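Trainee: Please take a close look at one part of this model, the charged side chains that pair with each other. I would like the surroundings of that part described as well.

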Amino acid sequence: MRVLGVDPGLTRCGVGVVEGVAGRPLTMLGVGVVRTPADADLSHRLVAVERGIERWLEEHRPEYVAVERVFSQHNVRTVMGTAQASAVAMLCAARRGIPVALHTPSEVKAAVTGSGRADKAQVGAMVTRLLRLAAPPRPADAADALALAICHIWRAPAQNRLQQAVAAHAAGQPSTTKGRTA
């Protein structure tokens, strides 16, 4: 499974591509940040984010895109910019028919570090360890994007089984996964 993780932001939008399957060593295929100038017009910044994400999608051809779910912050301006960058990432993926998954910050932290309250340094350290990197990716937005991709790779199989079970239940059919009844 190849996943593009996106840590949305207008000034720095973290992007990272990870490949692998749950239970096996993972491989980082790329990591970076799409940057826009803070003093530029909002519409131009969104176009720059779109172009950056499109380049990543074209170069790495992910099967899934994992985006950080926007959560309420005290600074409304910051959350609006994050939500707008998030929407751009989802739009780019949807245009290409790539499924998008949203993961909350605490879900990603828990998946990668074991604690939903981990700080950025802990997330960076675990991403470095899990991907066998020489140093934590910088800035933290890049490490967060890799953490999103890792979280999706690890959680997607269970989420898919749950979705299949719910769909089978709704259709009145017993669900089976790998020969077992769910």
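**Salt bridges and the elements that carry them**

Mentor: Glu 54 is buried, with a relative accessible area of 17%, a value under the 20% that sets the limit for that class. The model is a predicted one. Glu 54 pairs with Arg 95 in a salt bridge whose closest N and O atoms are 3.1 Å apart. Arg 95 belongs to helix 2 and Glu 54 to helix 1, so this pair links parts of the chain that are distant, 41 residues apart.

Arg 95 has a further partner in Glu 50, with 2.9 Å from N to O. Here too the link is between helix 2 (residues 76-95) and helix 1, and the two residues are 45 apart in the chain. Glu 50 is partly exposed, at a relative accessible area of 22%.

These contacts belong to a wider arrangement. Through salt bridges that share partners, Glu 50, Glu 54, Glu 58, Arg 61, Arg 95 and Arg 96 are joined into one network. The count for the model comes to nine salt bridges.

Another salt bridge lies between strands. The side chains of Arg 2 and Glu 19 meet at 2.9 Å, N to O. Arg 2 is in strand 1 and Glu 19 in strand 2, with their positions 17 residues apart in the chain, and the pair thus links distant parts of it. Both residues are partly exposed: Arg 2 has a relative accessible area of 22%, and Glu 19 has 29%. As a general matter, side chains of opposite charge can pair when their charged atoms come close.

Now the sheet that holds those two strands. Five strands form an open sheet of mixed pairing, in the order 3-2-1-4-5. Strand 3 (27-35) and strand 5 (100-103) are at the edges; each has a single partner strand, so one side of each lacks a neighbour in the sheet. On average, neighbouring strands are turned by 20° against each other, direction ignored.

Strand 1 (residues 2-7) pairs with strand 4 (residues 64-68) in the parallel sense, over four bridges. Within that pairing, Val 6 has Val 67 of strand 4 as its bridge partner. Helix 1 (residues 42-60) packs on this sheet and touches strand 1, strand 2 (12-19), strand 3 and strand 4. The direction of helix 1 makes about 165° with that of strand 3. Helix 1 therefore has two sets of contacts to keep in view: the strands it touches, and the salt bridges from Glu 50 and Glu 54 to Arg 95 in helix 2.

Definitions and conventions: Residues numbered from 1 in each chain as written. Predicted model: local features only at pLDDT ≥ 70, side-chain atom pairs only at ≥ 80, totals over all residues. Heavy atoms only, no water. Pairing = 2+ DSSP bridges. Axes fitted to C-alpha atoms, helices over the stretch in contact; angles between N-to-C directions. Contact = heavy atoms within 4.5 Å. Salt bridge = Lys/Arg side-chain N within 4 Å of Asp/Glu carboxyl O. Buried < 20%, exposed > 50% of the residue type's maximum accessible area, 1.4 Å probe, protein only.
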